[in-house]
Amino acid sequence: MSDVSDLGEEAVKHLQALLRIDTTNPPGNETPAAEYLGDFFARAGLPPTLIGETPERKNVVVRLKGDGDKPPLLLTAHLDVVPVEAERWTRPAFAGDIHDGYIWGRGAIDMKHMAAMSAVVLARLKAEGVTPRRDIIFAGVADEEAGCDHGSRWLVDQHPELVRAEFALGELGGFSVRMNGRIIYPIMVAEKGTVWMKLRASGRPGHGSIPRVPSGEREESNAVARIGAAVAKLAATRLPQHRTQVVDRYLREIARTQPFPSSALLPRMHNRAVANFLLRRVPDKGVAAALAAALSNTAVPTMLRAGNKVNVIPGEAEAYVDGRSLPGQTAADLVREIKDVIGHDIAIDVERDMPPVEIDPQSPLWDTIVATLKKHDPEGVPVPYLAPGFTDAKSWSRLGTRCYGFTPLRFPDDGVKFADLFHGHDERIPVEGLKWGTRVLYDIVRAFTCG
Ligand SMILES: [Zn+2]
């Protein structure tokens, strides 16, 4: 293997440049970021394809040709970022400056770092003149944060030949997490389905000056009150648990790293009583919430809409609910569970249904990831896991691609956690951790495609 000790430094430089390009979505405007990467690839002798539904929302795709012995490997990152509340940040969000050992900026870990790492890895392999046994594709895509319509979803629908691959490495996993002194690398092998719903309550319209329930009993005819009662009930309920293979394995493997009694209780969390017991005792509320989300479908009310005049009782009121379904569960299953909570007289329209994604973790790529991680962090334990959110894997998997959420990154033991930075204020990435991740990614891609 060649000397790649300088590769991380290059990734740092390109990540800084990408962070200085504001790709806040909405509106996105990813084209300058795609062009930046496109220019880099062109200089490296890898002619890029810049392509998008609109001139402002281009994607960049590039391919290092292999000998065609095996189907391609896709490296992928979305180039858009979520909005910032600038006044809540302690440093500028689009300056890409380095401070206290971190590169600061929106997109540092979500996920321009993967774009920078993938770009320098591909360019290095090209410079080395290797002919891999499979094509290596990089896709830097628009619009992941708003549902992928201009990015991966559009590429898969309009230009599948550009991005079709057997395996993909992308969001969301591969970062180090500390649990009771042990270092875990969660690697996403499944993600929940996304079911966006509108709940509709109807009632009797009327004048706001005359309540219909003079005695004060429950208001049954006011649509606003009915939708309010429904979302209050929904928000206070944890839906039924469902046992899935991926979560069972995740809990078993985490348990092995943990002291008693967690070691004994974690593998039994498919039992609701055990889960309730344990979830109440997990000291980190964020960890508890993530665990709970892996055990059940979820349905979270996020928007309300009703009425347009203070003195008029409207005939209809709406609530929007963000639903997430476990592998093996459909939108219809989730709707049924919600109706069991809020009753059957509130209508539920499914407005968007993106089914769950799940792969069998076992593969030659998985073995390469595990072996390489062990070399670079002998203490770290890679663990396959289910992500509650959605990623571009929803799109790539429609082409049969087996997607791993793996963008290697090691955090120092300073209390800074991936979970706090992801979509959070003061998003930043450790400089040394990024350099480490770049070397890991290089080794994995090289070993998997050239070994
Ligand atoms: Zn992301």
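Is Asp110 buried or exposed in this predicted model? Asp110 has a relative accessibility of 2% and counts as buried, where buried means under 20% relative accessible area, exposed over 50% and partly exposed in between (1.4 Å probe, protein chains only).

The model is predicted, so local features need pLDDT of at least 70 and side-chain atom pairs count only at pLDDT 80 or more, while totals for chains, interfaces and linings use all residues. Residues are numbered from 1 along each chain as its sequence is written, and side-chain values use heavy atoms, with hydrogens and water left out.

**View 1. Coordination of the zinc ion by His78, Asp110 and Glu171.** The contributing atoms are NE2 of His78, OD of Asp110 and OE of Glu171, at 1.8 to 2.1 Å. Donors are N, O and S atoms within 2.8 Å of the metal (3.2 Å for Na, K and Ca); water is not among the atoms, so sites may look incomplete. Along the chain, the donors of the zinc ion follow the spacing H-x31-D-x60-E. His78 belongs to strand 3 (residues 70-78) and Asp110 to the loop between strand 5 (102-104) and helix 3 (112-128), so the pair ties together parts that are 32 residues apart in sequence. Helices (H or I, at least four residues) and strands (E, at least two) are DSSP runs, numbered from the N terminus. His78 is buried, at a relative accessible area of 0%.

**View 2. The second largest pocket, with about 200 Å³ of space.** Fourteen residues would be cumbersome to label; among the 14 that line this pocket, Met354, Pro355, Lys394, Ser395 and Arg398 are the closest to its centre. Two or more lining residues come from each of strand 15 (347-354), strand 16 (357-358) and helix 13 (393-396), and strand 15 gives the largest share, three residues. By class, the lining has five nonpolar, three polar and six charged residues. A pocket is an open set of points on a 1 Å grid over the protein atoms alone, where a 1.4 Å probe fits, with protein on both sides within 12 Å along at least five of seven lines; lining residues have an atom within 4 Å of a point. Grid points are joined across faces, edges and corners, and a volume is the space filled by probe spheres set on the points. Ala, Val, Leu, Ile, Met, Phe, Trp, Tyr, Cys and Pro count as nonpolar, Asp, Glu, Lys and Arg as charged, and the others, Gly among them, as polar.

**View 3. Cis peptide bonds before Pro26 and Pro261.** The bond from Asn25 to Pro26 is cis, with omega near 0°, and Pro26 lies in the loop between helix 1 (7-19) and helix 2 (31-43). Phe260 and Pro261 are likewise joined by a cis peptide bond, with omega about 5°; Pro261 is in the loop between helix 7 (245-256) and helix 8 (262-265).

**View 4. Positive phi at His423 and Asp426.** His423 lies in the loop between helix 14 (418-421) and strand 19 (428-430), with phi near 65°. Asp426 is found in the loop between helix 14 and strand 19, with phi near 55°. His423 is partly exposed, at 37% relative accessible area, whereas Asp426 is buried, at 14%.
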